[in-house]
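Colleague: Please take a close look at how the charged side chains are paired, and then carry on from there to whatever surrounds the pocket and the loops. I would like one connected account rather than a list.

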Amino acid sequence: MTVYNVGSINIDLVYQVPHLVMAGETLSSLSMNTLLGGKGANQSVAVARAGSPVCHVGRIGRADHWAVDQMKAAGVDITHVDLIDGASGHAIIQVDNEGENSIILHGGANQSFTRSSLESHLQDASSEDWLLIQNECNDISVALDIAVNKGMKIMFNPAPMTADVAALPLERCAVLIVNETEAESLAGSSDPTQILAHLANRYPDTLLVMTLGSKGALLQHSGQLIRHDALVVDVVDTTGAGDTFVGYFLASMIAGLDDASCLQRACTAAALSVTQSGAAPSIPDAKAVDAFHR
C-alpha cells in the first residue's frame, strides 16, 4: 500500500521577526533561513517519518534540486517529481516571537501540472493505494478524477481554502481534514461541533477531522465524535504543524490504528513539530512521537 501525494514543493524563505509586519510598516528581520517547504512536501515527509511508504508527485525548478534531495533523505520516493525550467513554488514566511506565522505563497512550478502528466505519474496506482492531496497545485480535480476511476482511497486537506473547493466531489473522499477557517467556509458556521455535524450530514461516508490549533482536534466518524486536546509545549514556530498532523494521521490509519489512536498520534506529532523551527525540518520521526506516551 502506497500513498501517492500530488502536492506542492516550495522553497520557504523564513524570516524571524519581533512581530508580524503591519500595513505600511517596514520591519527588519532578526534572522532568515531558506528551507524545504510546501504543504505537499511537508505532508510527504510526515508520512515517511511516520513509517508509511509515500511517493511524491510534484514539480520544482531545476535550480532547487536540493529540496528534492532532502525529501529523498527523509524517506520519500521522488521518482515522480519533475524538474522543470522556470521558478519553483516558494513561500515568504514571517515568524514572530510567539511562534505565530504569516505566509505569502507563489505557485510557480506547482501550478504547471497537466492531465497527461498526472495520468502518467499515477498510472501504476491501484485500489490498494491512497491519494493524498492539498490545494496548492493546479488540476486537483483531475487528480481526484483519476483516483476515483482507479478506486483509490482519497485523503483531502483543502488548504489553502478557495471558493471552488465546495464544487469538488468531496463525498468521494475517505478522509477530509480541515482547520477551523476551512471548515467554516465549507459549512457556514463558526461552532466546531455544528460544523462537523453539518459536514457529516453532507458527507456521511467520510471520516472528518477538524484541527483546532492550540485547542487540539475533533474527529467525526460513523456517528461518533472524538476530541483530543493539544499537548502543552513551548512553541517556537507553528509553520508546518497542520501538515505534520495530516501526514501522521494518514500513516496511523494505514498502520491499522483506531480513530482515537490516530487522532492522539497526529496531535502529538504536531505538538512536537512546533517546538522546532521550520516546516519540513521540524517534523519528528515516529520513534520520538511514539515514545512520548510511553
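**Charged pairs, the pocket and the loops**

Modeller: The side chains of Asp82 and Arg59 are joined by a salt bridge, with 3.3 Å from N to O. The pair brings together distant parts of the chain, since Asp82 belongs to strand 5 (residues 81-84) and Arg59 to strand 4 (residues 54-61), 23 residues apart. Both partners, Asp82 and Arg59, are buried. Please keep in mind throughout that this is a predicted model. The count of salt bridges in it comes to seven, and two others deserve a description beside the pair just named.

One of these is formed by Arg115 and Glu119, whose side chains meet at 3.6 Å, again from N to O. Here the sequence helps to explain the pairing, because Arg115 and Glu119 are four residues apart in helix 3 (residues 115-121) and are therefore separated by about one helical turn. Neither residue is buried: Arg115 has a relative accessibility of 41% and so counts as partly exposed, and Glu119, with a relative accessible area of 38%, is partly exposed as well.

The other is the salt bridge between Glu180 and Lys215, in which the closest N and O atoms are 3.2 Å apart. Glu180 lies in helix 5, whereas Lys215 sits in the loop between strand 11 (207-211) and strand 12 (217-221), so this pair ties together parts that are 35 residues apart in sequence. With 28% relative accessibility, Glu180 counts as partly exposed, and Lys215, at 43%, falls in the partly exposed class too.

A charged residue without such a partner is Glu136, which is found in the loop between strand 8 (130-133) and helix 4 (140-150). Glu136 is buried yet takes part in no salt bridge, the nearest side chain of opposite charge being that of Lys39, 5.7 Å away. A salt bridge would require a side-chain nitrogen of Lys or Arg within 4 Å of a carboxyl oxygen, and the distance of 5.7 Å to Lys39 explains why that pair is not counted. What the side chain of Glu136 does make is a polar contact with the side chain of Ser8, at 2.4 Å. Leaving aside residues up to four places away in sequence, Glu136 touches Ser8, Asn10, Gly38, Lys39, Gly40, Leu105, Asn110, Gln111, Ala159 and Pro160.

The last two of those neighbours, Ala159 and Pro160, are joined by a cis peptide bond, with omega near -5 degrees. Pro160 has its place in the loop between strand 9 (153-156) and strand 10. The loop that holds Glu136 also contains Asp139, whose phi is near 60 degrees, a positive value in a residue other than glycine. Asp139 counts as partly exposed because its relative accessibility is 30%.

A further positive phi, near 50 degrees, is that of Ser222, likewise a residue other than glycine. Ser222 is found in the loop between strand 12 and strand 13 (224-228), and with a relative accessible area of 67% it is exposed.

Turning to the pocket, about 1300 Å³ of space lies in the largest one. Its lining is made of 46 residues, of which Asn101, Asn179, Thr238, Ala241 and Gly242 are the closest to its centre. Two or more lining residues are given by each of strand 2 (10-16), helix 1 (39-50), strand 6 (89-95), strand 7 (101-106), strand 10 (175-179), helix 5 (180-187), helix 7 (241-254) and helix 8 (259-273). Helix 7 provides the largest share of that lining, namely five residues.

Two of the residues closest to the pocket centre, Thr238 and Ala241, also appear among the contacts of Val274. Val274 lies in the loop between helix 8 and helix 9 (286-291), and its relative accessibility of 9% is why it counts as buried. Besides Thr238 and Ala241, Val274 touches Val233, Asp234, Val235, Val236 and Asp237, again not counting residues up to four places away in sequence. The C-alpha atoms of Val274 and Ala241 are separated by 6.2 Å, although the two residues stand 33 residues apart along the chain.

Terms used. Residues are numbered from 1 along each chain as its sequence is written. This is a predicted model: local features need pLDDT of at least 70, side-chain atom pairs count only at pLDDT 80 or more; totals for chains, interfaces and linings use all residues. Side-chain values use heavy atoms; hydrogens and water are left out. Buried means under 20% relative accessible area, exposed over 50%, partly exposed in between (1.4 Å probe, protein chains only). Lys and Arg count as positive and Asp and Glu as negative; His and the chain ends are not counted. A polar contact is a pair of N or O atoms within 3.5 Å; within protein, one must be able to donate a hydrogen and the other to accept it, and residues adjacent in sequence count only if both atoms are side-chain atoms. Contact means heavy atoms within 4.5 Å. On a 1 Å grid over the protein atoms alone, a cavity is a set of points where a 1.4 Å probe fits but cannot get out, and a pocket is an open set with protein on both sides within 12 Å along at least five of seven lines; lining residues have an atom within 4 Å of a point. Grid points are joined across faces, edges and corners, and a volume is the space filled by probe spheres set on the points.
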